[in-house]
Amino acid sequence: MTVFQLEPIAALATAPGIGAIAVLRVSGEGAIEITNRIFRGKDLTQQPSHTAHFGTLRTSEEGIIDEVLVTVFRAPKSFTKEDVVEISCHGSEFIIQQILRRLTQEGVRLARPGEFTQRAFLNGQFDLVQAEAVADLIASDSDASHRAALTQLRGGFSKQLKALRQQLIDFVALVELELDFGEEDVEFAHRDRLRQLMLDIRRVLHPLIDSFSAGNVIKNGVPTVIVGKPNAGKSTLLNALLNEEKAIVSDIPGTTRDVIEDELFINGIRFRLIDTAGLRQATDQIEAIGIERTQQKMRDAALVIYLFDGKNATPDELTAALSEVRESGKPYLLVGNKLDAITDDKRQALEDAAGEKIVWISAAQQTHLDELKMALSTRVRTDAAVQTGSAVVTNARHYEHLTGTDEALARAINGLDSGVTPDWLAMDLRVALQHLGELTGEITTDDLLDSIFSKFCIGK
């Protein structure tokens with residue numbers, strides 16, 4: 001594949017802010033020569049690729065900006081496949097701006113968000129799915145999201161789909177060739193082989209499509225709302241899980257008037273914990289607003305922790321409350337609090353009334369919290385596919401194109417069964433190819449690329 005070296009661009013590649021060091025990246029035609037003009041040390045234009053050189057960067061008046069380490073990457077053996085220079089300097093904001101200003105004086109343009117990765121994609125370094133995985137890898141904040149992004153970056157499912165797409169292209173060409181012989185009874189595309197190929201592609205698609213719900217949890221976390229009656233211990237539980245005084249705890253019912261949120265990582269999964277106002281008949285307008293927000297959070301949640309006071313709840317009250325939770329249709333975990341203050345008989349009566357497993361804890365004493373965390377992790381069950389290295393779909397754009405491909409292939413198979421003409425068959429196959437091509441980036445538009453790469457950070 002031909003590598004194109006575009007106009008040189010530069011940006012800070014490390015996080016903004018004061019630090020020990022910062023790294024600036026320069027990429028494009030003349031990147032090495034331009035950097036060499038402001039560098040005092042070895043002649044960078046004569047240095048081999050993947051070598052680092054100590055020296056100073058100079059102002060236009062030959063004053064010293066900073067002592068730096070410059071690393072040279074020659075095309076096509078760089079991230080963008082262009083000539084690339086990475087400048088490691090001290091992490092002063094003033095120094096960074098001085099270097100960028102000096103580079104622009106020499107003809108370098110400041111990079112747009114994601115422009116380095118966009119150039120890598122355009123030069124064939126990786127496909128569009130892998131390019132998007134770069135952003136996901138940078139943004140990963142848990143073990144699971146890191147592994148999911150890394151699997152995608154290494155090729156994930158896109159390489160397999162690209163090979164299957166090429167086989168489908170060959171069949172579509174034969175089907176369309178039949179259209180040129182419309183008045184003759186000829187069949188260039190063997191229908192049994194075409195059917196088998198479409199079935200093979202759908203077998204690859206279905207696990208990926210099914211993985212999206214888990215992938216969405218891995219990427220964005222599990223919205224987990226803690227609900228229950230006032231004084232059930234919701235805020236105490238939130239504080240115990242987070243190991244900090246996040247929420248105000250009081251014996252006065254209705255203390256929590258607004259939604260309180262924070263994050264907890266369990267077995268590599270991010271849970272977005274939401275403490276809410278207690279469910280009861282509101283005593284004033286402010287509490288009523290808090291209860292309405294609780295109900296809204298329940299509707300939006302992926303998982304509900306229903307917490308009840310094991311000491312004061314009666315079996316009838318628990319049965320009635322559970323009925324409301326079940327009616328919401330949300331996955332839930334039934335948690336009994338104040339285990340340290342109830343008898344074995346009371347505990348058994350509540351379990352009999354619930355008719356299902358109860359996770360018993362004492363939020364105030366912080367006992368059995370590990371069992372609760374294990375139950376939460378088991379209830380979500382998102383980690384298995386990533387643990388085994390299987391590809392997991394975490395991107396809504398990928399999901400859209402995967403389902404679009406599957407639906408088009410299903411129509412094509414139904415068409416084969418009903419004996420449709422080659423032109424109708426070719427139409428559905430073209431739709432499947434369009435979706436697969438847009439998924440991997442073999443078919444792109446400028447608007448699509450701008451939309452994708454604008455979400456990246458500047459230096460990537």
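Visitor: Is Q166 buried, partly exposed or exposed, and why?

Guide: Keep in mind that this is a predicted model. The general idea is to look at relative accessible area: under 20% is buried, over 50% is exposed, and partly exposed sits in between. Q166 has 40% relative accessibility, so it counts as partly exposed. You'll find Q166 in helix α6, residues 158–179.

Visitor: Which residue far along the sequence can I compare with Q166 in space?

Guide: Try L433. The two are 267 residues apart in sequence, yet 9.0 Å apart in space, C-alpha to C-alpha.

Visitor: Okay, and how do I read W424: buried or exposed?

Guide: Same cut-offs as before. W424 reaches 52% relative accessibility, so it counts as exposed. W424 belongs to helix α16, residues 422–440. Together with V420 and M427, W424 makes a nonpolar surface patch of about 290 Å².

Visitor: What do people look at when two helices pack?

Guide: Two packed helices are described by the angle between their axes and the distance between the axes. Here, take α7 (residues 191–210) and α16: their axes come within 14 Å and cross at roughly 20°. Angles under 35 degrees count as roughly parallel, so that is what α7 is to α16. The crossing of α7 past α16 is left-handed.

Visitor: How many residues of helix α3 are buried?

Guide: Seven of the eight, so to speak a mostly covered helix, spanning residues 115–122. The buried ones include E115, R119 and F121. Just after α3, look for G124, which takes a positive phi of about 80°.

Key:
Residues numbered from 1 in each chain as written. Predicted model: local features only at pLDDT ≥ 70, side-chain atom pairs only at ≥ 80, totals over all residues. Heavy atoms only, no water. Patch = residues over 30% accessible without salt bridge, like charges linked within 9 Å, V, L, I, M, F, W, Y side chains within 5 Å. Areas by Shrake-Rupley, 256 points an atom, 1.4 Å probe, with all protein chains shown as cover. Salt bridge = Lys/Arg side-chain N within 4 Å of Asp/Glu carboxyl O. Helix = DSSP H or I, 4+ residues; strand = E, 2+ residues; numbered from the N terminus. Buried < 20%, exposed > 50% of the residue type's maximum accessible area, 1.4 Å probe, protein only. Axes fitted to C-alpha atoms, helices over the stretch in contact; angles between N-to-C directions. Parallel < 35°, antiparallel > 145°, perpendicular 65-115°, else oblique. Left-handed = near helix turned anticlockwise from the far one by under 90°.
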